[in-house]
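Welcome to this tour! Please have your viewer open and your selection tool ready, and take the stops one at a time.

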Amino acid sequence: MTATETEPTNPSQGGVATHQVALAFEDGVTRFITVREDQTVADASYRQRINIPLDCRDGACGTCKALCESGSFDGGSYIEDALSDAEAAEGYALPCSMKPRSDLALQIATTSEVAKTGATSYTGTVVGLDRLSPTTVELSIDIPNRGELAFLPGQYVNIAVPGTGDGEPVTRSYSFANAPHEERLVFLVKLTQGGAMSTWLTERAAVGDEVTFTGPNGSFFLREARRPVLMLAGGTGLAPVLSMLRQLEVDGCDRGGRLVYGVSTDDDLVKLDEVGELVSRLPGFSWDHCVSDPGSAAANKGYVTSLIGEDDLHDGDVAIYLCGPPPMVEAVRTHVSGAGLEPTGFYYEKFALAVPAEESPAQAEKSPVQAEKSLVRAELEAHADARSIAGQEMFAALDLENVGSAGVAHDEGDAVRRIAGQLVAPRPTSDGPESAVSGVEIDAVEDLIVAAGARGVGGQEVFAVDDSVGLDTPAPSGSGGSTSGDTTEDGYTIGEEHPDISASDAIFEARAALEVGALDLTIGRLDSQQLAGYQLLAESTLPYVEGDRFLDAHGYTESNAAFHDYLFTLTGNSHLLAAYQALGVKGRMEDVLRNATWCHPGCTQDHLDIVDAFERGDRLAARDLIKAHSERSKETMRRAMAESAAANRPRFITPGRFAGQVVVVTGAAQGIGAQVARRVSAEGGAVVLADRSPLAGEVAAELTDQGAKAKAVECDLEHYEGAAALVEQALAAYGRIDVLINNVGGAINFKPFTEFTSEQIDAEITRSLMTTLYACRAALPGMVDQGHGVIVNVSSAATRGINRIPYSAAKGGINAITASLALEYADAGIRVTATAPGGTEAPPRRISRGTPQPGTDAEKAWFQAHIDQTLETSLMHRYGTLDEQAAAICFLASEEASYITGTVLPVAGGDLG
């Protein structure tokens, strides 16, 4: 039996228990899913992208019937026709109705492959083999079931090369050059000596041959929009661009734009007349081409960037589509950035180089494929001359052993030509410069060189990539904004960028564009089971919103993500799903909506209406709904961000109080520390926010967006090295530290002292005492040298509290540190004070302290007892606010408290601790 875990076991969410459910399929594969007790098994399964058989969703048909081999569950409601009493007695249940009460093991009456979607395989016949130029062949294929193949202009397929491989044929990836509505499938192939596809095309292929391929794949496709486009194609990267141009013509597009087509030599130029005719039929469109070979007969000799005019960039309101090798992507990005612009959309496929594992380097295939599909699965995009200088091979392919292992003996004549066994300067061969690079084929994507260190010696890069196919000189990225550059398991590199995508409406515009593409691939092609799953996920978002109010923003975010994921899953194209996930919509929503209360009232209804449009096959209605849903999502996010900004704004501000001062705040990622940092910043201070969580960076970004000086330092103050690193970075950034506010700490466990282990005691002391001790030790020398400084420690009223004795002891230590340091360093001009907060209201923690979830009744009682005691000992019988705690800390840190040192100020509603 094969078992794979889909989702890790999570602790209870919102007080609802979760259970692990094993789904055992007929082919021996078992998948594990996590199911809440208030969830049906089918609901959880579809959310985790395991599409078990389903039709009715409400116990009416029996399609999902499964045998429960172990565990207890609530069978829910269903009709007898779906599940008879006898079947129920035998252990059968309906996943669409059943809810777990323990871990379960279910037998699912289908295979694991049926329960998920994947790229489809097609078989066709070669109907055309046209030599367009000495280096390029046009391959045309007809398939009998053409109506079943839907693709988007720009996508590609993996073609199995006939007569190759032992058992499994070699596959090569090529983009469609035809439009989606055209019957005949057309691909452009660059010919090179010794390549698998090239050899077949030039030596064995004939009209009438049978060819198989899988797909479509890729998320490089033409988005639906009104803004103008700039298309850039390198070599046979012209193919997907041709598909896009043909689609623009079919759509009657008048958005305008420009195409620039670049190649290496005159022999590589193809389809110039066809491109010219296509462009002439597109209003407001222009095009040009260039050849990088100085000896070319072309009018434009050089690179594609030389033909990009200022008007082509439309002040950034342009969608750029680029198909070429990595340096071309970087060159264009740098060119655009150099113009001071961030395009609204930047979509690309990177060319990569294929070197089949079964072939020697001399038989290697070169593959600037069509691929943002950029199937760049290795750390290296190899070039024909990657191992050579002026034809002299400098780095022969070799699997290196660890440097520390025993060396390999070589004849004395080549010993000086090696480093760690790697031949770096071999003698010239009689074969000449061609020998190192022969047999390299362009247009294959799947098999790349995987020698991560092939371009360097001792980790130092010596030979940079240079895939010059009508390109500009590559340069480091200068682009701002956000890039989705994640690489999937099959090596597919997402290529999509938008300006400041994590903080702008662009994230939802990008999602809508991808969804419209997925819609075109799936509408009218889904069966009743797939539609039922889609409906189930739409309905799963309803419980979390009532009218225009979130009942559970986290639950909505989770169920909403599952709903949107599912459409991409149905395309059978994992790259589209990866492209959507790379946008980070779910993560962004989790951050923004964490404390949101308002939701556009149409959002959940949109989900139901979209599914209804799919069931009716109404493409236009589904498109309009997807776009409208995007607008409503943006409105929800904007309002939540505005509410969050208002909530975070300090309630009390003394303008200019910290002007010209450098203030270090530890534990600044959330809670009291974050609010102190906000207030210090609002009062003119330069703030260094220290935390071991990268979330401190978000608070720092919030402050710098407001024009303040703020720097985040990620460090672990439970070790002195972390404190030393913090001080070092603060001094490097601002030259001194005027104020240190030690806020790190917090109780981890809540239980009687006799229940604590020695390890737990050590953890409490380290967290709430040593962090302050280390930070004081690291910062004091600089304060002594400059003759002034302020330290404010955050203690606690829990020095007199129950069920957290080690924490109480640690905070007692803080009080002792405060009094003793004040006495020892008063003559050095340094004040040391502390506050002792009581219970404080704060948003839910984004970073857990590691407190275990109370499980037993006793543990729950212990936890509640400390809360009750906190409220009872406060004369005001309430928790304080973040602003109230920050006010006291900032007062003690300021010159207003210049005659106060060595004291601890209780801020606990009258509880003196």
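Start by selecting Tyr720: is this residue buried, partly exposed or exposed? Tyr720 has a relative accessible area of 31%, so it is partly exposed. A value under 20% would have made it buried, and one over 50% exposed.

**Before going further: how far to trust the picture**

What you are looking at is a predicted model. Colour the chain by pLDDT: the average is 82, and 81% of the residues score at least 70. Now select residues 1-13, where the pLDDT is below 50. Beyond near neighbours in sequence, that stretch makes 28 contacts in the model. Select residues 355-494 next: here too the pLDDT is below 50, and this stretch has 342 contacts beyond near neighbours in sequence. Where pLDDT is low, the predicted coordinates should not be read in detail.

**Stop 1: the partner of Tyr720**

Keep Tyr720 selected and add Tyr774. The two form an aromatic pair that is edge-to-face, with 6.1 Å from centre to centre and 70° between the planes. Show the helices around them: Tyr720 belongs to helix H16 (residues 720-734) and Tyr774 to helix H17 (residues 758-786). The pair links distant parts of the chain, 54 residues apart. Tyr774 is also partly exposed, with a relative accessible area of 23%.

**Stop 2: a parallel sheet**

Now turn to strands E30 to E36. Seven strands form an open sheet here, in the order E32-E31-E30-E33-E34-E35-E36, and the pairing is parallel. Which strands stand at the edges? Select E32 (710-714) and E36 (904-907): each has a single partner strand, so one side of each is left without a neighbour in the sheet. From one strand to the next, the twist averages 15°.

Zoom in on strand E33 (residues 739-742) and strand E34 (residues 789-794). They run parallel and are joined by four bridges. To see one bridge, select Ile741, whose partner in E34 is Val792.

Next, bring up the helices that pack on this sheet. Helix H18 (residues 805-825) touches E34, E35 (830-837) and E36, and its direction makes about 160° with that of E35. Helix H20 (residues 882-893) touches E33, E34, E35 and E36, at about 165° to the direction of E35.

**Stop 3: an antiparallel sheet**

Move to strands E9 to E14. In this open sheet, six strands follow the order E12-E11-E14-E9-E10-E13, and the pairing is antiparallel. The edges are E12 (171-175) and E13 (185-190); each has a single partner strand, so one side of each has no neighbour in the sheet. The twist here averages 40° from one strand to the next.

Select strand E9 (residues 120-133) together with E14: these two pair in the antiparallel sense over six bridges. Gly124 is a good place to look, as it stands opposite Val211 in E14.

**Stop 4: a buried aromatic pair**

Follow E14 (210-217) to its end, into the loop that leads to strand E15 (229-234), and select Phe220 in that loop. Then add Tyr321, in strand E18 (residues 319-324). Their ring centres are 6.3 Å apart and their planes at 65°, so the pair is edge-to-face. This pair ties together parts that are 101 residues apart in sequence. Phe220 and Tyr321 are both buried.

**Stop 5: the largest nonpolar core**

Select Leu23, Leu106, Leu593 and Phe614. They have the most contacts inside the largest nonpolar core, which has 79 residues. Helix H7 (residues 506-522) gives the largest share of this core, nine residues. Apart from it lies another core, of 32 residues, including Ala239, Val270, Leu278 and Phe285.

Return to Leu106 and show what it touches: among the residues are Val21, Leu23, Val41, Ala66 and Met98. Ala66 is worth a closer look. It stands opposite Ile108 in strand E8 and opposite Ala93 in strand E6. Its own strand, E4 (residues 66-70), is joined to E8 (residues 104-108) by four antiparallel bridges.

Finish with Phe614, one of the core residues above. Which aromatic cluster does Phe614 belong to? Select Tyr46, Tyr534, Phe563 and Tyr566 along with it, and you have the cluster on screen.

Key
Residues are numbered from 1 along each chain as its sequence is written. This is a predicted model: local features need pLDDT of at least 70, side-chain atom pairs count only at pLDDT 80 or more; totals for chains, interfaces and linings use all residues. Side-chain values use heavy atoms; hydrogens and water are left out. pLDDT is the predictor's confidence in each residue, from 0 to 100. Contact means heavy atoms within 4.5 Å. Two strands pair if DSSP finds at least two bridges between them. A nonpolar core is a set of buried Ala, Val, Leu, Ile, Met, Phe, Trp, Tyr and Cys residues joined through side-chain atoms within 4.5 Å. Buried means under 20% relative accessible area, exposed over 50%, partly exposed in between (1.4 Å probe, protein chains only). Axes are lines fitted to C-alpha atoms, for helices over the stretch in contact, and angles run from 0 to 180 degrees between N-to-C directions. Rings of Phe, Tyr and Trp (its six-membered ring) pair if their centres lie within 6.5 Å; planes under 30 degrees apart count as stacked, over 60 as edge-to-face and the rest as tilted. Lists of a residue's contacts leave out its neighbours within four places in sequence.
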